[in-house]
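Here's a relaxed first tour for anyone who hasn't met this structure before. Have a look at the picture, then read on.

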Amino acid sequence: MPNAVVSPGVSIEYETFGDPASPPVLLVMGLGAQLLAWHEDFCRALADRGRYVIRYDNRDSGLSTTFDEHPVDVGELVAAVSSGDLPTALAMVPYRLADMADDGLGLLTALGIERAHVVGTSMGGMIAQTMALSAPERVLTLTSMMSSTGETEYGRSSPQAQATVSSPKPADREGYVAAAEKELVWASRRYGDAAALRELAAASHDRAYHPAGVGRQLGAMILSGSRADALRGLRVPTLVIHGLDDTLIDPSGGRRTAELVPGAELLLIPDMGHDRPRELWPDLIDALVTHTGRASAADQAP
């Protein structure tokens, strides 16, 4: 896979699908996940519908630049935030969601793409929102999937989901793969697939095992704060997608996002959790193709 330098000291690993002359769709992944979590078959199916699809590793995940010179103890970070000691918390984390958004925009620049449709999932939805807020002239449409606004009262995790996401994963490959099944706690109740979770975990561990980056990404997410006021002024065409089975980011996060963004469309999907079950790909791809097709041909022209 190719790698692009997006800013001094930061390079981003990425992969593309489809015809570069087609409307570009940038896929932004969530906390600790690699570009592999945007399944290759999903990317190809979207490309087959006339989109130029770009998936990439966020900083501190996969094969993109890591920031291991800034170790973050998640327990200490959470304790500092919980106690209101923001100066200590802020000093722990070397970047924010705005920097991660700049990575995505920098990747588009490196690829010679002035404007793109941006689709983000979970933390990636927060990054995608930040891209649209910071550089609306570069975002043709925004799709925020299973995400939230940064307001702590919306999109809360269930206790079971919170315990799972907070638990360290085993370092050895066998243990890491087996532990992936715990993510069924926030998956679709109807379509949750333990075998698919194990397959992704095995591929991710083999490609780039880097658990230290999760703490820094989590810190960036927590310390970036609320986007509520900014989202009220967003004028980028926005689609909000959320699964009704989601227990990691409660559907209130999606509802709140759609409530704040003027003219946003809200798509609540039954039988979808904090995942993208293969059975629902046709619905998701139809929604993305319809939404990204709303940009005029003039807007999509270079």
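What follows goes from the whole chain to its cores and then to two leucines.

Keep in mind that this is a predicted model. The chain is built with 13 helices and eight strands. Its radius of gyration is 18 Å, close to the 19 Å that the globule rule gives for 302 residues, so the chain is as compact as a globular protein of that length. If you follow the C-alpha trace along its principal axes, you get a span of about 50 × 40 × 40 Å.

How much of the chain is buried? Of the 302 residues, 54% are. The contacts reach a long way along the sequence, too: take those between residues at least 6 apart, and 76% of them join residues at least 24 apart. On the outside, the accessible surface comes to about 12800 Å², with 53% of that belonging to carbon and sulfur atoms. As for charge, there are 25 positive and 39 negative side chains, and the centres of these two sets sit 4 Å apart.

Now for the inside. The largest nonpolar core holds 47 residues, and Leu26, Leu107, Ile127 and Met131 have the most contacts within it. Setting aside residues up to four places away in sequence, Met131 touches Leu26, Ala101, Gly104, Leu105, Val118, Pro136 and Val139. There's also a second, separate core of 27 residues, with Ala37, Trp38, Met272 and Ala287 among its members.

Finally, meet two leucines that both sit in loops.

| Residue | Loop between | Relative accessible area | C-alpha distance to a chosen residue |
|---|---|---|---|
| Leu35 | β3 (24-28) and α1 (40-48) | 0% | 5.0 Å to Asp57 |
| Leu244 | β7 (238-243) and α11 (252-260) | 36% | 37 Å to Ala110 |

Leu35 counts as buried. It lies 22 residues from Asp57 in sequence, and Asp57 is also one of its contacts. Beyond its neighbours within four places, the other residues in contact with Leu35 are Met1, Glu13, Tyr14, Glu15, Arg55, Tyr56 and Arg207.

Is Leu244 buried or partly exposed? Leu244 is partly exposed. Ala110 is 134 residues away from Leu244 along the chain. Not counting residues up to four places away, Leu244 touches Pro251, Arg255, Leu268, Ile269, Pro270 and Met272. You've already come across Met272, as a member of the second core.

Definitions and conventions: Residues are numbered from 1 along each chain as its sequence is written. This is a predicted model: local features need pLDDT of at least 70, side-chain atom pairs count only at pLDDT 80 or more; totals for chains, interfaces and linings use all residues. Side-chain values use heavy atoms; hydrogens and water are left out. Helices (H or I, at least four residues) and strands (E, at least two) are DSSP runs, numbered from the N terminus. The radius of gyration is taken over C-alpha atoms; the globule rule is 2.2 Å times the number of residues to the power 0.38. Buried means under 20% relative accessible area, exposed over 50%, partly exposed in between (1.4 Å probe, protein chains only). Contact means heavy atoms within 4.5 Å. Accessible areas come from the Shrake-Rupley method with a 1.4 Å probe; for residues, only the protein chains shown count as cover. Lys and Arg count as positive and Asp and Glu as negative; His and the chain ends are not counted. The place of a charge is taken as NZ of Lys, CZ of Arg, CG of Asp or CD of Glu. A nonpolar core is a set of buried Ala, Val, Leu, Ile, Met, Phe, Trp, Tyr and Cys residues joined through side-chain atoms within 4.5 Å.
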